[in-house]
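Dear colleague,

I am passing on the structure below, together with some notes on what turned up in it. Please read the notes with the structure open beside them.

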Amino acid sequence: MKLPFVSKTELERLCKEVPTPFHLYDETIIRQRARQLKTAFDWNPGFREYFAVKANPNPVVLKILIDEGFGLDCSSYTELLTAGSVGAKGHDIMFSSNVTPAADMRLAMAMDSLINLDDISHIDFLDRLSGIPRTISLRFNPGNDFTIGNSIMSRPGDAKYGFTRPQLTRGIRELQTRGTERFSLHAFLSSNTTEADYYPALAELLFRTAVEIHRKTGADIFGINLSGGIGVSYRPDDPEIDIEAVGQAIQKSFKAIMVPAGLEHVVIHTELGRWLLAPAGCLVSRVIHEKHIYKDYLGLDACAADLMRPAMYGAYHHITVAGREEDAACRTWDVTGGLCENNDKFAIDRPLPEVGIGDLLVIHDTGAHGHAMGYNYNGKLRSAEVLRTESGEFRLIRRAETPADYFATLDVLEDFRPSF
């Protein structure tokens with residue numbers, strides 16, 4: 001059974017201040033998971049999580065993670081600005097981009113970010129823009145030999161990211177001639193996998209690659225970045241990854257491969273945006289319509305513009321009816337939004353307890369890749385974000401968009417003056 005972290009009474013009180021729909025996050029859960037992750041890797045003295053800003057870029061959320069000692073992984077100009085606004089600086093920031101605009105790379109270098117190069121051609125690109133840093137990370141794509149947990153990413157060889165293995169050695173040698181002294185290896189080969197073997201297998205791959213490169217080139221390897229990819233139990237019966245067991249398995253591999261090679265000083269980095277934040281958030285929406293034709297439909301005041309994953313990936317998000325979480329399901333519904341797209345469905349043929357117009361629905365596990373993936377198709381306005389603090393208070397951390405926000409970028413059209 002999957003229960004929400006907030007009660008119906010709390011939600012009804014909150015809805016008097018913040019109209020639905022809105023994303024709600026729980027600070028206590030965020031901090032608990034952050035500390036659990038640090039404990040899992042406390043065997044590695046330099047361990048650091050670089051939270052993937054793309055998963056949840058709200059500055060208040062990012063500041064909580066900064067307070068927990070984490071860094072931030074950015075992939076765009078605006079994400080870099082966001083990271084700087086919450087106090088991240090220097091190698092607190094990893095810049096992992098692809099098809100990178102020149103302005104983005106210049107800003108990343110100006111902020112002294114740890115650059116994670118995606119392609120061998122970016123060596124010349126970076127050198128022309130601002131010169132080669134003494135410390136750098138390289139993103140590795142091993143091709144189709146790695147097949148664990150690739151439901152979203154597909155086969156690595158079909159992904160657009162990273163250096164091939166021959167390019168990795170060639171790139172490091174080239175960078176050494178241009179002044180780079182310290183290297184980190186990075187790979188992101190899966191997304192949202194709950195296979196316990198994924199992270200340990202990825203770690204072993206990167207450890208062996210690091211040893212080979214160190215022996216061939218003499219490169220000073222200072223870091224191994226396992227990136228993200230560990231999923232969460234979106235379905236009530238899905239297994240939950242034991243992050244401490246994962247950390248122990250990686251430690252075993254580290255001792256077997258890295259220590260004998262004289263690389264015991266290497267630090268481990270991660271980018272676990274989804275694992276950290278998804279369970280700490282939910283989308284709260286109210287039923288505003290019922291429709292009964294060939295199927296039964298519940299229509300919500302939220303839509304795919306508030307949570308894209310079900311429409312984009314066919315992803316499952318658990319749904320509970322506030323106040324009836326433990327009631328037996330008595331009817332099957334498609335749960336939909338109001339976009340003029342037939343894939344605007346949060347659930348298809350979903351059994352639910354008694355539910356009707358006016359009821360509050362809680363859509364679970366939206367703390368990562370939820371509000372962050374919102375958009376304005378059909379003129380839909382993005383929803384608010386609320387944080388429940390450790391003291392139990394509700395804090396509005398992003399207001400809902402208004403029509404004025406939507407039309408603000410049309411200020412170049414002097415004859416266009418919408419009235420609202």
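Why is the sulfur of Cys-15 not in a bond with the closest cysteine sulfur? The closest one belongs to Cys-282 and lies 10 Å away, which is too far for a bond, a disulfide being a pair of cysteine sulfur atoms within 2.5 Å. Likewise, the sulfur of Cys-303 is too far for a bond, because its closest cysteine sulfur, in Cys-340, is 10 Å away; the structure holds 0 disulfides.

Before going further, please note that this is a predicted model, in which local features need pLDDT of at least 70 and side-chain atom pairs count only at pLDDT 80 or more, while totals for chains, interfaces and linings use all residues. Residues are numbered from 1 along each chain as its sequence is written, and side-chain values use heavy atoms, with hydrogens and water left out.

Cys-15, at 13% relative accessibility, counts as buried, as does Cys-303 at 4% (buried means under 20% relative accessible area, exposed over 50%, partly exposed in between, with a 1.4 Å probe and protein chains only).

As for the fold, a closed barrel of 8 strands runs S2-S3-S4-S5-S6-S7-S8-S9 with parallel pairing, where strands are DSSP runs of E of at least two residues and helices are runs of H or I of at least four, numbered from the N terminus, and two strands pair if DSSP finds at least two bridges between them. Strand S5 (residues 114–117) is joined to strand S6 (residues 135–139) by 2 bridges, and Asn-116 has Ser-137 as its bridge partner in S6.

Finally, a cis peptide bond, with omega about -5 degrees, joins Thr-20 and Pro-21.

Best regards
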